[in-house]
Amino acid sequence: MPKIHNPKEEKTFLIIKPDGVRKGLIGEVIKRLEQRDLKVVALEMFHPNRAEMDNHYPKDEKWIRRLGEKTMATYVKYGYDIKKDFGTSDLLRVGKTVRGWLVEFMISAPMVKMVVQGVHAVDIVRKIVGKTMPYEAEMGTIRGDFSADSPALANTERRAVFNLVHASETPEEAKYEIKHWFPGQKIFSYKRFGVDE
Ligand code: ADP
């Protein structure tokens, strides 16, 4: 018989990025997760090297091109010249440049990594975190309440968008990232009052 999946066991992976740590938002992020009945089941401060960070982000062309597409969308919306900042309008090359900036940013200072568990953990955490671009993120979300960064600004400064938090987008991505950042490490198990009993 296949194991019955318990929705309460869904796990996701979250990083408080260098800007989140440096803004003193570790407690605030955890508070927002816990107040939504989610459970932190693994937690650690870390400072990855370039190779570790590079292996966190997908390397497939589709993902990299998507980064380029998102960037292009903002440039079109605001009438900025993508060639001026990137030297090209090729979306794959733009995506590669952004990915490089992202890795540099993520190794620039210590971060906090955690595994978060609960019903629909992946989707709920993404909702709590808010849209990728802080200037577009709704108020009430972490990115919407504590940042106003935009790619238009970030890209003229040749850097990644500072958006405080990373959170897995799908259960498959969560599984990969948990294994990557907590290899062979214990994911804890406990009952939350009012949630599990
Ligand atoms: P999310 O982090 O919401 O899953 P993406 O997977 O699209 O978003 O992008 C990964 C990260 O890359 C973002 O969190 C952001 O820090 C950075 N980023 C995305 N697009 C751009 C861009 N156009 N310019 C600079 N940085 C970007």
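The following exchange concerns the ligand site of a predicted model.

Colleague: What makes the pair formed by K70 and the ligand a polar contact?

Modeller: The cut-off for a pair of N or O atoms is 3.5 Å. A polar side-chain atom of K70 lies 2.6 Å from an oxygen atom of the ligand, so the pair qualifies as a polar contact. By that cut-off R143 qualifies too, because one of its polar side-chain atoms is 3.2 Å from a ligand oxygen atom. From V161, a polar backbone atom lies 2.9 Å from an oxygen atom of the ligand.

Colleague: How much of the ligand does the protein bury?

Modeller: The ligand taken alone exposes 530 Å², and the protein buries 98% of that area.

Colleague: Where does the ligand sit, and which elements give two or more residues to the shell around it?

Modeller: The ligand sits in the largest cavity; a molecule is assigned to a cavity if more than half of its atoms lie within 2 Å of the grid points. The elements giving two or more residues to the shell are α4 (61-78), α6 (91-106) and α9 (151-156). The largest share, 5 residues, belongs to α4.

Colleague: Which residues come nearest to the ligand, and how is the shell divided by class?

Modeller: Of the 18 residues around the ligand, the nearest are K70, T71, R126, T132 and N163. The shell comprises 8 nonpolar, 4 polar and 6 charged residues.

Colleague: Why is the ligand said to lie between domain 1 and domain 2?

Modeller: Because domain 1 (1-47 + 111-190) and domain 2 (50-108) both give residues to the shell around the ligand, the ligand lies between them.

Definitions and conventions:
Residues numbered from 1 in each chain as written. Predicted model: local features only at pLDDT ≥ 70, side-chain atom pairs only at ≥ 80, totals over all residues. Heavy atoms only, no water. Near = heavy atom within 4 Å. Polar contact = N/O pair within 3.5 Å; in protein donor to acceptor, adjacent residues only side chain to side chain. Areas by Shrake-Rupley, 256 points an atom, 1.4 Å probe, with all protein chains shown as cover. 1 Å grid on protein atoms, 1.4 Å probe; cavity = no way out; pocket = protein on both sides within 12 Å on 5 of 7 lines; lining within 4 Å. Helix = DSSP H or I, 4+ residues; strand = E, 2+ residues; numbered from the N terminus. Nonpolar A, V, L, I, M, F, W, Y, C, P; charged D, E, K, R; others polar. Domains from an automatic or database assignment.
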